[in-house]
Amino acid sequence: MSTPMVDVRGVHKSYGPLEVLRGVDLQVHPGEVTVIIGPSGSGKSTLLRSINHLEKIDRGYVAIDGEFVGYRRSGDRLHELREREILRRRTQIGFVFQNFHLFPHLTVRENVTEAPISAQGRPRGQAEALATELLAQVGLSDKADAYPRQLSGGQQQRVAIARALALRPKVVLFDEPTSALDPELVGEVLEVMKALARSGTTMIVVTHEIGFAREVADTVVFMDAGQIVEHGPPRQVLDRPRHHRTRAFLSKVL
């Protein structure tokens, strides 16, 4: 088995007295798609945000391709990195948010080129060529000069996916990417994500789209109360769950 692309070990996270992550372990190998399901408040989004250090963890560690995210090790202790180094390592991780988070004052093309130019120092011409390629990949070549307000929700989310891919990340995290969309727009975003999965992109997806999990995931993870309760192939977790909490959750969403 290859070295994990994403290696989460013993991660704890609390907000005051509320323990949101309680010793989470998760490994995702290169080219794998891991889908995380579970009830609201189970810690799914906090786990994603901890992977790219948008949330600082209290204990444990996260590594991407063998490199700690947000920290360096000195002996047995982890020390937080300076902000510049955190940002450098974060460019290895694409993140697609629930509510798009596009820059409203920038065109679609500019939204996609902004991070490669500002965070990675790529020449503008190179970044624009990559943006053209990625917008074609998500089916939005004709919207390059439009502004976010001129797009549907599904189109905005496809731009957000192109923007995440523009950093050429080692892994892409999706935090409920379809939950803010009207039902008729969900399919176009899921099709782009399925194509990414087929291309070998390493992905971790938090979603309530059980059909997507069944079709695309290599591993389905069920979280509840800040812990991974069950994980395995979709056929096992979704069709023959072993834990009563998994069965109870699926009985409400299937």
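In which sense, left-handed or right-handed, does helix 3 pass helix 5? In this predicted model, the crossing of helix 3 with helix 5 is right-handed. The briefing below treats that helix pair, an open sheet of 6 strands, the helix lying across several of its strands, and a hairpin formed by strand 1 and strand 2. A UniProt annotation from an unreviewed entry, "domain: ABC transporter", covers residues 6-250.

**Annotated span**
- Residues 6-250, the span that the UniProt record annotates, consist of 37% helix and 27% strand.
- The C-alpha atoms at the two ends of this span are 26 Å apart.

**Helix 3 and helix 5**
- Two packed helices are described by the angle between their axes and by the distance between the axes.
- For helix 3 (residues 108-118) and helix 5 (residues 153-165), the axes come within 8 Å and cross at roughly 25 degrees.
- Angles under 35 degrees count as roughly parallel, and helix 3 and helix 5 are therefore roughly parallel to each other.
- Helix 3 contributes Val108, Asn111 and Val112 to the contact, where they meet Val159, Ala162 and Arg163 of helix 5.
- Sorted by class, this contact of helix 3 with helix 5 comprises 4 nonpolar, 1 polar and 1 charged residues.

**Open sheet**
- The sheet is built from 6 strands in the order 8-9-10-3-11-12, with mixed pairing.
- Strand 8 (93-96) and strand 12 (227-232) stand at the edges with a single partner strand each, so one side of each has no neighbour in the sheet.
- On average, neighbouring strands of this sheet are turned by 20 degrees against each other, direction ignored.
- Within the sheet, strand 3 (residues 33-37) and strand 10 (residues 203-206) run parallel and are joined by 4 bridges.
- Val35 has Val205 in strand 10 as its bridge partner.

**Helix 1 across the strands**
- Helix 1 (residues 44-51) lies across strand 3, strand 8, strand 9 (171-175), strand 10 and strand 11 (219-224).
- Relative to strand 9, helix 1 runs at about 150 degrees.

**Hairpin of strand 1 and strand 2**
- Strands of a sheet pair through backbone hydrogen bonds, in either a parallel or an antiparallel manner.
- Strand 1 (residues 6-15) and strand 2 (residues 18-28) run antiparallel, and 8 bridges join them.
- Val6 stands opposite Val28 of strand 2.
- The hairpin has 2 residues between its strands, and Gly16 in the turn has a positive phi of about 60 degrees.

Methods. Residues numbered from 1 in each chain as written. Predicted model: local features only at pLDDT ≥ 70, side-chain atom pairs only at ≥ 80, totals over all residues. Heavy atoms only, no water. Axes fitted to C-alpha atoms, helices over the stretch in contact; angles between N-to-C directions. Parallel < 35°, antiparallel > 145°, perpendicular 65-115°, else oblique. Left-handed = near helix turned anticlockwise from the far one by under 90°. Contact = heavy atoms within 4.5 Å. Nonpolar A, V, L, I, M, F, W, Y, C, P; charged D, E, K, R; others polar. Pairing = 2+ DSSP bridges. UniProt positions renumbered as here; feature names shortened; annotations may be inferred.
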